[in-house]
Amino acid sequence: MAAPLAYALIATDLDGTLLRGDDTLSDRSLAVLARVAAAGARHLVVTGRPAPRVRPLLDDLGSKGLAVCGQGAQLYDAGADRLLWSVTLDRELAETALGKIEAEVGQVYAAVDQDGVDGLTLIEPGYLMPHPTLPSVRVGRRDDLWCEPISKVLLRHPALADDELAATARSVVGSLASVTMSGPGTVELQPLGITKATGLALAARHLGLTPSDTIAFGDMPNDIPMFDWAAHGVAMANAHPELKAVADEVTSSNEDDGIALVLERLLG
């Protein structure tokens, strides 16, 4: 077996972090993650994507272990294809929160990720998917978004910048939900108090690991709680300034194998 890593748990975001812009994994990233496994460390995906949208990527990684999905609201067991833990966002609270936001900024366009391993992503008229490669189902009206339990709501505004929309949402939503920003065009409402750190901590306990065992990689403000929890946080060169401000180091971009550069250094 290869020499052990300084960290036993490698937590990586997907979009803008481990994945390239075309939603693919580089050969270099796959190779270094294989070396990480050979060294006895665990790789854990920690993503805003819901479990059904993560499953194909876990297959590409050859992962049959755990994954933190839905911004920490889901702990997914890839080997068993089931959720070990999930928290849903109350649909009435979500609808009320949307009303409060629209009272401040005018019309927004919404989508939801349904709960469950086979949950759909539903999008209302006018909503544009920030990742066009991800499957979604367009519904006829907003009321149709609430037909099944949901893990989160995704918001887009036709004119406001993401930072402005997120700041306004936080100011008016109050205790109805948590607000985060996970990527370009992706402001989200999720269950109150749930963050990536929530799911990461739960997964680590399942694996018998702790914050001091963990190095985390990310690119957006939704990764800040994960960085706060882990012993070492690494922001990508393309990361949002808010994440870079709290990172322990900054690596190259997701297009330039920033994760691989750091892991190769740790592997010696």
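These are my notebook entries on a predicted model, covering the whole chain, helix α6, a hairpin and two cysteines.

**Setup.** I number residues from 1 along each chain as its sequence is written, and my side-chain values use heavy atoms, leaving out hydrogens and water. Since the model is predicted, I accept local features at pLDDT of at least 70 and side-chain atom pairs at pLDDT 80 or more, while totals for chains, interfaces and linings use all residues.

**Whole chain.** I looked up the secondary structure and found nine helices and 14 strands. Helices (H or I, at least four residues) and strands (E, at least two) are DSSP runs, numbered from the N terminus. Along the principal axes, the C-alpha atoms fill a box of roughly 55 × 40 × 30 Å. For 268 residues I expected a compact globule to have a radius of gyration near 18 Å, and the chain agrees with 18 Å; the radius is taken over C-alpha atoms, and the rule is 2.2 Å times the number of residues to the power 0.38. Buried residues are 54% of the 268, where buried means under 20% relative accessible area, exposed over 50%, and partly exposed in between (1.4 Å probe, protein chains only). I also checked contacts (heavy atoms within 4.5 Å): of those between residues at least 6 apart in sequence, 58% join residues at least 24 apart.

**Helix α6.** Next I took residues 196–207 and compared spans: twelve residues at 1.5 Å each should give 16 Å, and the end C-alpha atoms are indeed 16 Å apart. The expected span here is 1.5 Å times one less than the number of residues. At the helix start, I found a side-chain oxygen of T195 within 3.1 Å of the backbone nitrogen of A197. After the helix comes G208, with a positive phi near 75 degrees. Buried residues of α6 include L200, A201 and L202, and their cover includes β1 (9–12), β3 (66–69) and α7 (224–229).

**Hairpin β10–β11.** I then moved to β10 (residues 178–183), where six of six residues are buried. Its partner is β11 (residues 186–190), antiparallel over five bridges; strands pair if DSSP finds at least two bridges between them. V179 of the hairpin faces L189 in β11. Two residues lie between the strands, and G185 has a positive phi near 70 degrees.

**Cysteines.** My search for disulfides (cysteine sulfur atoms within 2.5 Å) returned zero. I looked up two cysteines: C69 is buried at 0% relative accessible area, while C147 is partly exposed at 47%.

Notes:
Polar contact = N/O pair within 3.5 Å; in protein donor to acceptor, adjacent residues only side chain to side chain.
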